[in-house]
Amino acid sequence: MSGHPAGREAAVAVLVLPLVITLVVLSFAWPAGRTAPRDVPVGIVGTGAASQHAVEGLVHEKPGAFDFHLYPDQQAARSAIENRDVYGALAISAHDITVLTAPAASTSVAQLLGEVGQQLAERAAQQGAAGTRPSAKIHVTAVDVVPVAAEDPRGVVFSSAVFPLTICGILIGAFVSTARGLRRPWHRLLTLLVACAVAGLGAYLVAQGFLGALPHDHVATWAILSLVLISISTTAAGLVRLLGQAGLGLSAALMVFVGNPFSGAGSAPEMLPKGVDYVGQWLPPGAGAGLLRDTAYFDGNGGSGHLAVLALWSVCGFTAVMFGRRITGRAPGAKTGATASGASLSSLPTSGAASPDRPHAHAHAHAHARRSDDDY
């Protein structure tokens with residue numbers, strides 16, 4: 001195969017590319033196709049007989065679906081929802097069921113809890129008809145404790161923003177890391193920070209100013225959008241700094257094909273397959289989506305872990321951009337300059353008249369290598 005480039009290219013087209021496409025389809029389709037509740041934190045109000053029967057029934061019908069937390073009253077359950085301790089709560093009595101939800105945390109989980117409330121009411125009616133419990137009509141009331149914006153009732157604008165932010169962050173990092181005019185590392189970092197801040201402002205103006213999907217804490221929300229872009233773009237630029245063009249492919253694979261489908265932005269991390277939820281929350285797309293929810297709707301409650309993840313990726317990216325070539329010991333321009341100088345020296349005449357020019361040529365080669373190293 002080494003002597004047949006056409007054979008190598010055909011093998012790549014026939015074997016490698018289909019494998020890559022298969023893995024990409026798997027990374028996006030598998031989490032979406034296996035969406036189901038897994039240890040979703042849910043509150044139960046009261047410890048009466050009705051609540052106990054409801055919990056026992058849910059544990060039997062949906063084992064492992066919910067992680068129940070007991071609260072003495074609805075006010076305590078509301079506080080837990082607002083503090084991001086639970087996604088919602090069920091207040092159950094003998095005659096009514098109140099479903100406390102937070103669509104801003106996850107429209108999917110809010111819809112699921114509404115369905116659970118209806119199922120509990122139907123089961124109670126069936127038990128009453130069978131004579132096992134006193135017959136009574138159960139009223140189900142749904143209360144949105146933390147609703148989404150009225151302009152985005154299903155939360156689709158919010159969930160749809162994660163993927164373009166990921167792509168834009170990689171594009172910014174790729175451009176800044178390969179721009180020939182940005183000769184110094186701090187030039188690259190400053191340009192990257194300003195570009196992410198401006199892009200974050202543009203994303204906010206579209207999401208809120210045009211679509212009205214992020215109605216609270218305007219400055220903080222803009223800052224979070226910018227931080228998400230910074231964490232992704234610095235990672236891309238840092239990997240390019242460390243690995244060259246291979247770093248760009250690695251950053252795209254990590255952020256787009258792993259971080260984005262495993263982020264849980266469209267549902268909730270607890271709705272994804274086990275293990276995937278943790279992976280997604282340790283990558284900028286997942287952490288960014290969680291922090292954006294916490295900031296835009298929950299006054300920052302529950303966002304410290306997500307903020308730490310984004311800060312960690314950003315710091316690592318900054319370090320790689322500033323010191324990547326020193327860490328790897330590579331200076332692409334230096335090698336090219338030395339090779340070119342060596343080639344030009346070999347073509348010089350070997351007569352004595354030409355020999356005085358050799359030290360000057362060597363000095364020029366070293367100076368060119370130093371300038372190239374500074375450029376990177």
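**Pocket, cavity and helix packing**

Start with the open space: in this predicted model, the largest pocket holds about 580 Å³. Its lining is made up of 30 residues, and those closest to the pocket centre are Tyr-87, Pro-269, Glu-270, Gln-281 and His-306. Three elements give two or more residues each to that lining, namely α10 (276-281), α11 and α12 (304-328). Of the elements, α11 provides the largest share of the pocket lining, at five residues. Sorted by class, the lining of the largest pocket comes out as 11 polar, 10 charged and nine nonpolar residues.

Then there is the closed space. A single cavity of 30 Å³ or more turns up in the structure, and the largest cavity has about 70 Å³ of space. Around the largest cavity sit Phe-158, Ala-161, Val-162, Leu-165, Thr-166, Val-228, Ile-232, Pro-284, Pro-285, Gly-288, Ala-289 and Leu-292. At least two lining residues apiece come from α6 (162-178), α8 (218-243) and α11 (284-297). Here too α11 leads, giving five residues to the lining of the largest cavity. No charged residue lines the largest cavity; the lining splits into 10 nonpolar and two polar residues.

How do the helices around that cavity pack? Take α6 and α8 to begin with: their axes come within 7 Å and cross at roughly 45°. An angle like that makes α6 oblique to α8, and the crossing of the two is right-handed. On the α6 side, the residues in contact are Leu-165, Thr-166, Cys-168, Gly-169, Ile-170, Ile-172, Gly-173 and Ser-177, and they meet Leu-225, Leu-229, Ile-232, Ser-233, Ala-236, Ala-237 and Val-240 of α8. That contact between α6 and α8 counts 10 nonpolar and five polar residues, with no charged ones. Leu-165 and Thr-166 of α6, along with Ile-232 of α8, belong to this contact and are also among the residues lining the largest cavity.

Next comes α8 against α11. The axes of these helices lie 9 Å apart, at an angle of about 175°, so α8 and α11 run roughly antiparallel to each other. From α8, the residues Ala-220, Thr-221, Ile-224, Leu-225, Leu-227, Val-228, Ser-231 and Ile-232 meet Pro-284, Gly-288, Leu-291, Leu-292, Thr-295 and Ala-296 of α11. In class terms, the contact of α8 with α11 has 10 nonpolar residues, four polar and no charged. Several names in this contact, including Val-228, Ile-232, Pro-284, Gly-288 and Leu-292, come up in the lining of the largest cavity as well. Leu-225 and Ile-232 of α8 touch α11 and also take part in the contact with α6.

Finally, α6 has another partner in helix α9 (residues 245-259), with the axes 10 Å apart and an angle of about 170°. The pair α6 and α9 is therefore roughly antiparallel, and α6 passes α9 in a right-handed crossing. Phe-163, Thr-166, Ile-167, Ile-170, Ala-174 and Thr-178 of α6 meet Gln-245, Leu-248, Ser-251, Ala-252, Met-255 and Val-256 of α9. The contact of α6 with α9 breaks down into eight nonpolar, four polar and no charged residues. Within α6, Thr-166 and Ile-170 face α9 in this contact and appear in the contact with α8 too. Thr-166 is also listed in the lining of the largest cavity.

Notes:
Residues are numbered from 1 along each chain as its sequence is written. This is a predicted model: local features need pLDDT of at least 70, side-chain atom pairs count only at pLDDT 80 or more; totals for chains, interfaces and linings use all residues. Side-chain values use heavy atoms; hydrogens and water are left out. On a 1 Å grid over the protein atoms alone, a cavity is a set of points where a 1.4 Å probe fits but cannot get out, and a pocket is an open set with protein on both sides within 12 Å along at least five of seven lines; lining residues have an atom within 4 Å of a point. Grid points are joined across faces, edges and corners, and a volume is the space filled by probe spheres set on the points. Helices (H or I, at least four residues) and strands (E, at least two) are DSSP runs, numbered from the N terminus. Ala, Val, Leu, Ile, Met, Phe, Trp, Tyr, Cys and Pro count as nonpolar, Asp, Glu, Lys and Arg as charged, and the others, Gly among them, as polar. Axes are lines fitted to C-alpha atoms, for helices over the stretch in contact, and angles run from 0 to 180 degrees between N-to-C directions. Angles under 35 degrees count as roughly parallel, over 145 as roughly antiparallel, 65 to 115 as roughly perpendicular and the rest as oblique. A crossing is left-handed if the near helix is turned anticlockwise from the far one by less than a right angle, and right-handed if clockwise. Contact means heavy atoms within 4.5 Å.
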